[in-house]
Amino acid sequence: MKATPVYLSEVAPSKWRGAFNTGFQFFIGIGVVAANCINFGTAKRSWGWRLSLGLAVVPAAIMTIGALLISDTPSSLIERGKVEQARQSLRKVRGKDCDVEVELAELKKASDVAKEANREPFVTIFERQYRPHLVMSIAIPFFQQVTGINIIAFYAPVLFQSVGFGNDSALIAAIILGLVNLASILVSTGVVDRYGRRFLFMEGGIQMFVCQVGVAVVLAVTTGVSGTKEISKGYAILVLVLMCIYAAGFGWSWGPLSWLIPSEIFPIKIRPTGQSISVAVNFATTFVLSQTFLTMLCHFKYGTFLFYAAWIALMTIFVTFFLPETKGIPLDSMNLVWEKHWYWRRFVCG
């Protein structure tokens, strides 16, 4: 499934690549909301957890069947020497009346350059000229997870229970959070190719930072340093509102864009390698944070949200200074954005 962003980036037209790629995060969001709704509906049944777990076979079956019906990307076909099939694939995604020869020639040129290198991709990606690509393949997925979004998604019912919601109310709050995230991804779809990736990263980062600090302040004031005081219903609702605004900020920035950026910055010869590193970092960070969140919440109380706020501030600064704008740039011309960047050009052009 994690190959999907690369697939979408390779088949989408450059000017709409961002919008197409956000579809990946959108359908993940649908899955999250569906899972929360199922959990809410089966919460009072002793066998409810079995149904929740078993229904995962439905999307798995849909993805499996879908994978059998779609064609390979033109880039992948050219890499394997299937030029005519690549031409047909391009016509299929660009339209029968569209002249695809120029784009096909560019893909063949990029593929020939990659083959001339004739080196193991996992060795090539550590070369100096690919230092910016390697840094982004590690930093972007790592930063996505230390926004705290997956932890909040995993433990939303527990989190909302801890700030005063009942069992059913906590599940409903988790559903509301998921719906807000889903709606915000649609916002990203509409503006990512108009205003660019950097704008959404920075705006979303500031929005998430303010909300995380806001939640920490509310919890510190209402529950005390020890976190043992009761929180009123009004303040519990305020926490939910802040978390929804936070989820919206994530939904139109670090949510979809953290999959988009790694899928579009790599040259063809190291694209699968870069994506695999990105996914591995994402999963490893998710695992560590999911194992430590409840312990952090119990020991640090409101300080947990300040922990994530500090990371959000750091990642927003990082994006501001080190991430070039990739809006509308063809995949095979992406090297130009690194050559023009004030910092990374010393590696790419050196």
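Mentor: Let's start with a definition: buried means under 20% relative accessible area, exposed over 50%, and partly exposed in between, using a 1.4 Å probe and protein chains only. This is a predicted model, where local features need pLDDT of at least 70, side-chain atom pairs count only at pLDDT 80 or more, and totals for chains, interfaces and linings use all residues. Residues are numbered from 1 along each chain as its sequence is written, and side-chain values use heavy atoms, with hydrogens and water left out.

Trainee: Why is N39 called partly exposed?

Mentor: Its relative accessible area is 32%, and the range from 20% to 50% is the in-between class, so N39 is partly exposed.

Trainee: Where is N39 placed?

Mentor: N39 sits in helix α2, residues 17-42; a helix here is a DSSP run of H or I with at least four residues, numbered from the N terminus.

Trainee: Which residues is N39 in contact with, leaving aside neighbours within four places in sequence?

Mentor: S52 and L171, where contact means heavy atoms within 4.5 Å.

Trainee: How do you know what span to expect for α2?

Mentor: The expected span is 1.5 Å times one less than the number of residues. With 26 residues, 38 Å is expected for α2, and the 39 Å from first C-alpha to last is close to that.

Trainee: What makes you say that α2 bends, and where?

Mentor: A bend is the angle between axes fitted to the seven residues ending at a residue and the seven starting there; for α2 that angle is about 25° at F24. F24 is also among the buried residues of α2.

Methods. Helix = DSSP H or I, 4+ residues; strand = E, 2+ residues; numbered from the N terminus.
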